[in-house]
Amino acid sequence: MSKIDQQLFSSHEHALEKEYELCPKCGSELSVKNSKHGGFIGCNNYPNCDYTRPLVQHESIETQVIEGSSCPECGNELAVKSGRFGIFIGCTHYPECRHIEKHDQEEAGNEIPCPLCKKGHVEHRTSRFGKTFYACSGYPKCKFLVNYHPVNEACPECGFGILVERKGAAGGRLECPQKQCKYKRPI
């Protein structure tokens, strides 16, 4: 251990913390800065100059119009767009028309009716944190929600409209999503 050069660990400036570029706004030097949201490149003349840019340039998808398509709500063309939850298809007249199409929509024959309100159907959704869940298409009016993949089969014990598929170390199993019902069976 005595042969380790301690000078390597005590240096205050890391090799990657200097960018050696000039600021396009004021001409000062740029360097790597840190914030609670991660690293970025910023101007060293900070209070006087507010130039910043991301450390990693993400590839942004340009809006691509789909030729020959039409919005079912307003009749304008549809386009492939990029949003905070990923790529989606939406209307080109966005502020006036808010139509979007989900890429993971199930076929109409595979729809599972909502066991709570009996009006909507259970559909796959993603939370703002990126977690997936299954909720009624009438959500938020209908509060039905499960975290596991639903199966269109009624519970034999309590008669609830669906079962959920759970995977564990012992294998997959179907169980009732009702807390008071303890029905479980292996797949």
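**Aromatic pairs and a four-stranded sheet**

F160 is buried, with a relative accessible area of 13%, in what is a predicted model. Its ring belongs to an aromatic pair with F144, a tilted arrangement in which the centres lie 6.3 Å apart and the planes meet at 40°. The pair links distant parts of the chain, since F144 sits in the loop between β11 (132–136) and β12 (145–146), while F160 sits in the loop between β13 (149–151) and β14 (163–168), 16 residues apart. F144 also counts as buried, at 6% relative accessibility.

The structure holds two aromatic pairs. The other is formed by F133 and Y139, whose ring centres are 6.5 Å apart and whose planes stand at 65°, so this pair is edge-to-face; the angle falls in that class because the cut-off is over 60 degrees. F133 counts as buried at 12% relative accessibility, whereas Y139 is partly exposed, with a relative accessible area of 33%.

From the loop that carries F160, the chain continues to β14, which is part of an open sheet of four strands in the order β13-β14-β15-β16, with antiparallel pairing. At the edges stand β13 and β16 (184–186), each with a single partner strand, so that one side of each is left without a neighbour in the sheet. On average, and with direction ignored, neighbouring strands of this sheet are turned by 35° against each other. Within the sheet, β14 pairs with β15 (residues 171–175) in the antiparallel sense over five bridges, and G168 stands opposite G171 in β15.

Conventions. Residues are numbered from 1 along each chain as its sequence is written. This is a predicted model: local features need pLDDT of at least 70, side-chain atom pairs count only at pLDDT 80 or more; totals for chains, interfaces and linings use all residues. Side-chain values use heavy atoms; hydrogens and water are left out. Rings of Phe, Tyr and Trp (its six-membered ring) pair if their centres lie within 6.5 Å; planes under 30 degrees apart count as stacked, over 60 as edge-to-face and the rest as tilted. Buried means under 20% relative accessible area, exposed over 50%, partly exposed in between (1.4 Å probe, protein chains only). Helices (H or I, at least four residues) and strands (E, at least two) are DSSP runs, numbered from the N terminus. Two strands pair if DSSP finds at least two bridges between them. Axes are lines fitted to C-alpha atoms, for helices over the stretch in contact, and angles run from 0 to 180 degrees between N-to-C directions.
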